Amino acid sequence: GEKLKDFLENVKKFKRKRLEGFKKDIKSTLVYIIIAEEKNEIIGYGKATVNKENKKWGTTTSLYIKKEFRKKGVASKIKKNLLKWLKNKKVKYVSTGMFIKNKLSINLNKKFGFKIIAVKMQKELI
């Protein structure tokens, strides 16, 4: 009924906002997006961003590989290229984030020399 209609409308708004953000990112000289393909199918992507206020800082975000293509070196290739791009942009410090249960991502980042420096915590208030 009505709740489902509201939910679906919110999903549409969210998708529109994400698409608008993506279009903006593509045009930015402070954002670099890599799309990994195999046989004309997108199998993964990654994004790096230079901090607008302090260009010595950058982030790697949104690194994602489709399940059936994981553990084949795709994420490492993307990560390597994101870091290379940031270095070419004169970035000195790079941060990244992931959920604590995402062992694949944690191990990938450790492989590239990232160290855990903070822990973010949350609680649901009922």
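The numbered points below describe the sheet, its helix, the core, the largest pocket and a few single residues of this structure.

1. This is a predicted model, in which local features need pLDDT of at least 70 and side-chain atom pairs count only at pLDDT 80 or more, while totals for chains, interfaces and linings use all residues. Residues are numbered from 1 along each chain as its sequence is written, and side-chain values use heavy atoms, with hydrogens and water left out.

2. The sheet is open and has 4 strands in the order β1-β2-β3-β4, with mixed pairing; strands (E, at least two residues) and helices (H or I, at least four) are DSSP runs numbered from the N terminus, and two strands pair if DSSP finds at least two bridges between them. Its edge strands are β1 (31-38) and β4 (93-96), each of which pairs on one side only. From one strand to the next the twist averages 20 degrees, where axes are lines fitted to C-alpha atoms, for helices over the stretch in contact, and angles run from 0 to 180 degrees between N-to-C directions.

3. Strands β1 and β2 (residues 41-50) run antiparallel and are joined by 8 bridges. Within this pairing, Ile-34 stands opposite Gly-46 in β2, and Ile-35 has Tyr-45 in β2 as its bridge partner. The two strands form a hairpin with 2 residues between them, and Lys-39 in the turn has a positive phi of about 50 degrees.

4. Asn-40 also deserves a look, for it lies in the loop between β1 and β2 and has a positive phi, near 60 degrees, although it is a residue other than glycine. Most residues other than glycine have a negative phi. Asn-40 counts as exposed, at 77% relative accessibility, given that buried means under 20% relative accessible area, exposed over 50%, and partly exposed in between (1.4 Å probe, protein chains only). Ser-62, in strand β3, likewise has a positive phi, near 55 degrees, and is partly exposed with a relative accessible area of 43%.

5. Helix α2 (residues 74-88) lies across β1, β2, β3 (57-65) and β4, and runs at about 30 degrees to β2. Within this helix, Ile-78 touches Ile-34, Ala-36, Gly-44, Tyr-45, Gly-46, Leu-63 and Ile-65, not counting residues up to four places away in sequence, a contact being heavy atoms within 4.5 Å. Lys-80 is also found in α2, but counts as exposed, at 58% relative accessibility.

6. The largest nonpolar core has 16 residues, of which Val-50, Ile-65, Val-74, Ile-78 and Leu-86 touch the most other members; such a core is a set of buried Ala, Val, Leu, Ile, Met, Phe, Trp, Tyr and Cys residues joined through side-chain atoms within 4.5 Å. At least two residues of this core come from each of β1, β2 and α2, and the largest share, 6 residues, comes from α2.

7. The largest pocket holds about 880 Å³ of space. A pocket here is an open set of points on a 1 Å grid over the protein atoms alone, where a 1.4 Å probe fits, with protein on both sides within 12 Å along at least five of seven lines, and lining residues have an atom within 4 Å of a point. Its lining has 23 residues, of which Thr-96, Gly-97, Met-98, Ile-116 and Ala-118 lie nearest its centre, and the elements that give two or more residues to this lining are β4 and α3 (103-111).

How values were computed: Grid points are joined across faces, edges and corners, and a volume is the space filled by probe spheres set on the points.
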